[in-house]
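Got your viewer open and a hand on the mouse? Let's take a walk through this structure together, one selection after another.

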Amino acid sequence: MILQEKRKSVVLKGVGVSPGVAIGPAFLLDRHRVRIYRRPIDESEIDGEKERFVKAVSEAEDQISRLIAEIPDELKKQAGIFRSHLSMLKDPMVYDRTLRLISEEKVNAEWALNEALEHVGMLFDQIKDEYIKKRIEDLEYVVQRVQELISGHDSMDLSQITEPVVLVAHDLSPADTVRMNKENILGLVTYTGSRTSHTAILARAMGIPAVVGLEDVPLSILTDETIIVDGLSGEVVVAPDDKLLGHYREKQESYILYRLDVVHHSKLPAETRDGFRLKIKANMELLEEIPSVISQGADGVGLFRTEFLYLARKEFPTEEILFQTYKEVAERLSPHPVTIRTLDIGGDKFASSISLNNEDNPALGLRAIRLCLKKPGLFRTQLRAILKASALGNIKILFPLISGKLEIIQVKEHLEQTKEDLRKEKIPFDEDIKLGIMIEVPTAVFVADALAAEVDFFSIGTNDLIQYSLAIDRVNEHVAHLYEPLHPAVLRMINTTITAAHEAGIEAAICGEMAGEPMYLPVLLGMGLDELSMNAIAIPKIKRIIRQADQGQCAVLTRDLLEISTARDIRTHLLDFLTSNFQEEFDPSHGIYPDFAGAGV
Ligand code: PEP
Ligand code: MG
C-alpha cells in the first residue's frame, strides 16, 4: 500500500463575514452546473420550446412554495428571501424576454433564458449599490433552478450531510443555507459573496463562522480534508499541520470564551461603571436581519433604511407593500422602538422606478429628503405606510439629509396633511409619533439649535457628515484614505449637535458607522450621547466596553481631545487612553477594528 504523503498546509485569504473559528472535515458542494448550448429551432418547435420553459418555471414555483412551507420554525423569518425568488421567476425582464427570444431568435429555451439573464446581469453591473448588485446572485440562483428543471437535472441535496463538516461551495443559495441542518455545519466557505450577500447575513444570523470571496476554492480544497475557517481574520487553512492546528484551536477556545462573556453583556444594560446609561440599537435594512437584531441584545432599531423596496423593483412599491414591511418590523421588535428613515434614494443609490436627472454630482444632487419634497406623491405614500404601521408597534420617523429649518417645516406640513387624510379615512395611527432628523449636512450642525426646537430627536449620520464636511465622496476609493472620523472639525460638529439637542431637551443619537466602532466609543461616551445605533453584530462588544468604562473619565478625555487641532494628535492621545484602559478589548483575536493609522490630517 502506498501511503499518501500529507499535503503541505495552505493558508487562503477571503473576507471574514461571520466571526468565530471552525475546524473540521471539508465537504465540497460540487453543484452540477448545467452547460448551456445554443440550438437553432424551426418555426414548428417554437411553441414546444416555450412550453418547456413555462413548465419548468411553474415547477420551480411549486418547489419554492414547498420550500417555504418546509422551513423550520426557528428560520421562518427567512421566508422573505424565497418569496422574492418566487416573484423573480416571473420578472418580465427574464420571463417575457426568454419567451420573446425563443420566437424571435428561434433558439432553444435554455439558451434564451441564459441570454435574458446575461442582459439583466449587464444592467446590474451598472448599479453602484453593493446590496442591489448582489441581488443578481438571487436571480442567478433562480435561473439555475429553472435551467436544471428544463434539462432534467436536479442539484445536490444538502440533507446528505449527516456528520459535522465545514461546507465549501462556489456559492450557496439562501435555500441551501436554510435547508441544511445547522447542527452539522461547523463553518462555511464560499468562493463568491460579500458582507451583504445572503450567505453572510444568514451565517451571522445562525452564528456559523464564515469566510466568503475566497479564490481558488475548488482547486485547493479536497473533501474530508481538515480545514480551518477563521471568520475573524478571513483566513482559511487547508490541511493544517500540528502547529497551525494548535494555534487555531487556541484561538477558537479563546473566542468561544470571549463571546460567552460578550453575549452575557449584551443582555445587560449599556451602563458605565459610574451609572451613565445609553440606548444601544441596531441599524437594519432587510427583514432577514431581525433575528440577529434581537439576539444581539439591541434596544430596538435606531435606523431602518427603507431604500431596498424601491431599489429592487421597476415600479414604486405600493402603500400596501410598504405598510406590510414596516408592520412586520414593528411587530417583531415590539415593544422596542423602530426608527424608520424615509427614503434616502439618489446620491449613490439609484432606483429604476424613479427617473432622476443624470446628475454630474449625485452626492450633491437631488437625493433623500430633497427628492421626496420634489415628489410629494412618492413621499406621502411612504408617510401613510409608516403612520399606518405606527398603530401596531413602537415607531419613530426619521428624515434624512436635512440642511435647514424650512425643510423641516415642509416635511412637517406633509406629515400633518397625511395624518389629516388618515383621520378622515378613520385609519388609526400613533398620534404622538416621534419625529427626528438626521444631522448629516454641516449646515444642520450650525443651526442645530433652531432645528432642535422643531423635532423630537436628532440622529447624527457620520457617514455623510464626514463626506460633506471633509469633501470626500464616500464611494470614491481614491479619496477613501482621507476619511477621518477623528478630524477635529468632525468631533466638534458631533459635540455641537449633542449640546444643542440637550439644551433643547431632546435626545441625540449617532447612527453612522462610527457608532459601532469600539475605538471611537470613549469619545462619544464622553460627549454624553443618548443612543448609538450600529450593525447588530457590533452590539455585544460595544455594550461590554461601555460597562467597563467610566463616563466621567471619558468626558475628561473628550474635553482634552476637543482642544487638539489635528486628527493625528487626537488619535495618539486616544490610543494611549484605549491601551491603558481597555487593552484586552483591542486584541485582534476578538474583532476587526478600523485603521489605527488614520488619515493623518
Ligand atoms: C449616515 O450618513 O451616516 C447614515 C447613517 O446614513 P446612510 O449611510 O444610509 O447615508
Ligand atoms: Mg446618510
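Here is a tour in several stops, each with something to select and a look at what is there. Before you start, keep in mind that this is a predicted model.

**Stop 1: ligand 1**

Select ligand 1 and show what surrounds it. How many residues surround ligand 1? There are 15, and the closest are R305, R341, G461, N463 and R474. If you colour this shell by class, you get 3 nonpolar, 4 polar and 8 charged residues. Next, colour helix α18, which covers residues 462-470. This helix provides 3 residues, the largest share of the shell around ligand 1.

Now zoom in on the oxygen atoms of ligand 1. Pick E440: a polar atom of its side chain lies 3.0 Å from a ligand oxygen. Move on to T462, where a polar backbone atom is 3.1 Å from an oxygen of ligand 1. With G461, look at the backbone too, since one of its N or O atoms lies 3.4 Å from an oxygen atom of the ligand. How much of the accessible area of ligand 1 does the protein cover? On its own, ligand 1 has 290 Å² of accessible area, and the protein covers 99% of that.

**Stop 2: the magnesium ion**

Keep E440 on screen and select ligand 2, the magnesium ion. Which residues are its protein donors? They are E440, through OE, and D464, through OD, at 2.1 to 2.2 Å from the ion. Trace the chain between these two and you'll see that the pair links distant parts of it, 24 residues apart. E440 sits in the loop between β13 (434-439) and α16 (442-446), while D464 belongs to helix α18.

Are these two donors buried or exposed? E440 has a relative accessible area of 2%, and buried means under 20%, so E440 is buried. D464 also comes out as buried, with a relative accessible area of 2%.

**Stop 3: a neighbour in helix α16**

Stay around here and pick V445, which lies in helix α16. V445 is buried, at 2% relative accessible area. Add S403 to your selection and draw a line between the two C-alpha atoms: they are 8.6 Å apart in space, although 42 residues separate V445 and S403 in sequence.

**Stop 4: ring pairs**

Time for some aromatics. The structure holds 5 aromatic pairs, and we'll visit two of them. Select F304 and Y326 and turn the view until you can see both rings. Their centres are 6.2 Å apart and their planes stand at 90°, so this pair is edge-to-face. F304 is in strand β10 (residues 301-304) and Y326 is in helix α12 (residues 319-333), so to speak two distant parts of the chain, 22 residues apart, linked by the pair. Both residues, F304 and Y326, are buried.

Now go to F379 and F399. What kind of pair do their rings make? The centres lie 6.0 Å apart with the planes at 75°, so the pair is edge-to-face. Again the pair links distant parts of the chain: F379 comes from helix α14 (residues 376-390) and F399 from strand β12 (residues 395-399), 20 residues apart. F379 and F399 are both buried.

**Stop 5: backbone details**

Switch to a backbone view and find S334 and P335. The peptide bond that joins them is cis, with omega at about 5°. P335 is in the loop between α12 and β11.

Next, select A239, in the loop between β8 (235-238) and α9 (242-266). A239 isn't a glycine, yet its phi is positive, near 50°. At 6% relative accessibility, A239 counts as buried. L401 is another residue other than glycine with a positive phi, near 55°. You'll find L401 in the loop between β12 and α15 (405-424), buried with a relative accessible area of 0%.

**Stop 6: two last picks**

Click D230, in strand β7 (residues 226-230). Its relative accessible area is 0%, so D230 is buried. Show side chains here, and look for the polar contact of 2.9 Å that joins D230 and S233.

Finish at G365, in the loop between β11 (338-341) and α13 (368-374). G365 counts as buried at 10% relative accessibility. Its C-alpha atom is 7.5 Å from that of G346, and the two residues are 19 apart along the chain.

Note on methods. Residues are numbered from 1 along each chain as its sequence is written. Chains are lettered from A and ligands numbered from 1 in the order in which they are written. This is a predicted model: local features need pLDDT of at least 70, side-chain atom pairs count only at pLDDT 80 or more; totals for chains, interfaces and linings use all residues. Side-chain values use heavy atoms; hydrogens and water are left out. A residue is near a molecule or strand if one of its heavy atoms lies within 4 Å of it. A polar contact is a pair of N or O atoms within 3.5 Å; within protein, one must be able to donate a hydrogen and the other to accept it, and residues adjacent in sequence count only if both atoms are side-chain atoms. Accessible areas come from the Shrake-Rupley method with a 1.4 Å probe; for residues, only the protein chains shown count as cover. Helices (H or I, at least four residues) and strands (E, at least two) are DSSP runs, numbered from the N terminus. Ala, Val, Leu, Ile, Met, Phe, Trp, Tyr, Cys and Pro count as nonpolar, Asp, Glu, Lys and Arg as charged, and the others, Gly among them, as polar. Donors are N, O and S atoms within 2.8 Å of the metal (3.2 Å for Na, K and Ca); water is not among the atoms, so sites may look incomplete. Buried means under 20% relative accessible area, exposed over 50%, partly exposed in between (1.4 Å probe, protein chains only). Rings of Phe, Tyr and Trp (its six-membered ring) pair if their centres lie within 6.5 Å; planes under 30 degrees apart count as stacked, over 60 as edge-to-face and the rest as tilted.
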